[in-house]
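Please read this report beside the sequence and the 3D view. It covers a helix pair, the domains, the ligand shell and a few single residues.

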Amino acid sequence: MENILVIGGGLMGSSVAWKLAERGAKVIVIEQQGKQYTTGSSYGTARISRSLGPKKDVFSYAHKKTVKEVTNLLDFLNAEKPKKAHNIDEVYSTSPVSYLFRREDYYKVKKFRFKKQKRDFRTASSNSSFRKFGMSIPDDTILVREKRLYSGTLNPTVLIDKLRIGIEKKGGKIKYEHQVVGLVKKEAIFEVSVLNLKTKKTQKLKAAKVIVASGAYLAETLKDFAPYFNRVITPKKVVQSFLKISDERYAELTDLEKNAIHKGLPYFSQIGKEYFALIEKTGKGDTCPIIKAGGHQRRRNIHDLAKVWSEKPQKKDLKWIKKRFRKHLEMFEVYVSKKDIEEVSTNNCVYAETRSKIPIVTPIFNKYGSLDRNIVVIGGMSGIGAKGCLCYALLAADLLLGKSDKPSKMYRRMVKAFANPSVNLYTKRKKRGHLF
Ligand SMILES: Cc1cc2nc3c(=O)[nH]c(=O)nc-3n(C[C@H](O)[C@H](O)[C@H](O)COP(=O)(O)OP(=O)(O)OC[C@H]3O[C@@H](n4cnc5c(N)ncnc54)[C@H](O)[C@@H]3O)c2cc1C
């Protein structure tokens, strides 16, 4: 088997490297961070893992397939020595996802989003929501709660750890604190310049095939091989806040109220600018869990990718999050004053967004306009990447190694949706015969 080099060891890079190593490929992952993951899109311990979608929805398919792939990974790890129990509950946790819709919007989306899936979700109006779900919702709204298994929260940190164990057990290598500073192709072989961030020495690695999974840094990684990529994918930042109710106020809540808060998360409000809230960490003893809250749509451009992690988040974004957080608590009939809300931390997190807003898992064109099937780019998963990570990884591995079994209808739909190499259509030809 040839050498495959994976650039970026976040959730996507680790997932693809695992799928490649599982199939016997010789993989090497280059990750600029240390073993401790601190600054990528996959940072943190919680992502909403939504399961419900239209019947033929590729994102719901990606979620289901990922759950299956996680199970396979854990089975492999559990069979390995030294024996250590790896459990799916470490990766998926908390209760199924709840959505709040304006009534008219719910009936509009119901036809295509929830059709023929009656058994997989429950709904409540303002008259029944408190009885059914312990939540009081406004008159003109509908609350939808998923019922599917593993709808809830996915822990990217735990999953990355397990994927990395799997990669190494299959003979793959991971180089931490190494940064890719150049990627070119010379006579059918990729030449990748890798800077050791500790020793400051650069070495050149050769690889027959390459996966680019460097998240927000994707265009930067491809600046030599496919310079047009800065027009295909753009890094964005989004504020996320980690909040809790103060210990004194939380101690005053009844068990019923505490229970309703736990069961009402993850929560996704589709009213106005989308707002999400989910449990990042359970509280110590009988204290409030740390709740991550934010809005995916409040995305902002990044001026300097190197500084974004240390940049102060915008005040107005934080104000908006806190306001929505209190409103959400009021639905559980939990009334707290501003001073009862503790801000554990707030930071900017980065996204990478494609111009079409659709994720890409695809071979790409080089700077001369010719399609290279030995390089696959995986990115642009904004708010849905985590829940489907191993499905996108499966597709990327198939694109590089060839598919070994007959594709199902849904798999073919997914290929059509994400694996479209015509990303060069986003560019304008300056001169005939030249892309740039
Ligand atoms: C705030 C926020 C909320 C989200 N919410 C959800 C959600 O609720 N549900 C959901 O399913 N998804 C969600 N997502 C999306 C999901 O988390 C991401 O799609 C996924 O984690 C992206 O993983 P990645 O591997 O592509 O990127 P990253 O995690 O950023 O990985 C890229 C890696 O490449 C490394 N790298 C970059 N450049 C180089 C280089 N030159 N050399 C070496 N290494 C390099 C970086 O250090 C990094 O580790 C959310 C994302 C964000 C930011």
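The crossing of helices H2 and H12 is left-handed; a crossing has this hand if the near helix is turned anticlockwise from the far one by less than a right angle, and is right-handed if clockwise. The model is a predicted one, in which local features need pLDDT of at least 70 and side-chain atom pairs count only at pLDDT 80 or more, while totals for chains, interfaces and linings use all residues. Residues are numbered from 1 along each chain as its sequence is written.

**The helix pair**

H2 covers residues 58-79 and H12 covers residues 409-418; the two pack at an angle of about 115°, with their axes 10 Å apart. Axes are lines fitted to C-alpha atoms, for helices over the stretch in contact, and angles run from 0 to 180 degrees between N-to-C directions. Helices (H or I, at least four residues) and strands (E, at least two) are DSSP runs, numbered from the N terminus. On the H2 side, Val58, Tyr61 and Ala62 meet Met410, Arg413, Met414 and Ala417 of H12. This contact of H2 with H12 has six nonpolar, no polar and one charged residues. In these classes, Ala, Val, Leu, Ile, Met, Phe, Trp, Tyr, Cys and Pro count as nonpolar, Asp, Glu, Lys and Arg as charged, and the others, Gly among them, as polar.

**Domains**

Domain 1 is made of 3-74 + 155-232 + 357-426, and domain 2 of 98-152 + 235-353. These bounds come from an automatic or database domain assignment. The centres of domain 1 and domain 2, taken over C-alpha atoms, are separated by 29 Å. Between them, 24 residues of domain 1 are in contact with 30 residues of domain 2, where contact means that the C-beta atoms of two residues, placed from the backbone, lie within 7 Å. The side of domain 1 that touches domain 2 has nine nonpolar, 12 polar and three charged residues.

**The ligand shell**

Which residues come nearest to the ligand? Of the 38 residues around it, they are Gly8, Gly10, Gly40, Gly215 and Gly385. A residue is near a molecule if its C-beta atom, placed from the backbone, lies within 6 Å of it. Helix H1 (11-22) and strands S3 (47-49), S10 (178-186), S14 (233-245) and S19 (341-354) are the elements that give two or more residues to this shell. By class, the shell has 17 nonpolar, 18 polar and three charged residues. Domain 1 and domain 2 each supply at least three residues to the shell around the ligand.

**Single residues**

The table gives burial for five residues. A residue is buried if 20 or more other C-beta atoms lie within 10 Å of its own, exposed if 12 or fewer, and partly exposed in between.

| Residue | Burial | Other C-beta atoms within 10 Å |
|---|---|---|
| Ser49 | buried | 28 within 10 Å |
| Ser151 | buried | 25 within 10 Å |
| Thr94 | buried | 20 within 10 Å |
| Glu333 | partly exposed | 15 within 10 Å |
| Lys200 | exposed | 7 within 10 Å |

Ser49 lies in strand S3. Leaving aside neighbours within four places in sequence, Ser49 is in contact with eight residues that can be listed as His63, Tyr92, Tyr150, Ser151, Gly152, Thr153, Leu154 and Lys387. Ser151 is in the loop between strand S7 (141-146) and strand S8 (152-154). With the same sequence neighbours left aside, the contacts of Ser151 include Ser49, Arg50, Pro96 and Glu146. Ser151 and Ile360 are 209 residues apart in sequence, and their C-alpha atoms are 24 Å apart in space.

Glu333 is found in the loop between helix H10 (315-331) and S19. Beyond its neighbours within four places in sequence, Glu333 is in contact with Ser136 and Glu257. Glu333 and Phe130 are 203 residues apart along the chain, with 9.4 Å between their C-alpha atoms.

**Backbone points**

Most residues other than glycine have a negative phi, and most peptide bonds are trans. Thr94, in the loop between strand S4 (92-93) and strand S5 (98-102), has a positive phi near 55°. Lys200, in the loop between strand S11 (189-196) and strand S12 (202-207), has a positive phi near 65°. A cis peptide bond, with omega about 0°, joins Leu265 and Pro266. Pro266 is in the loop between helix H9 (255-263) and strand S15 (267-269).
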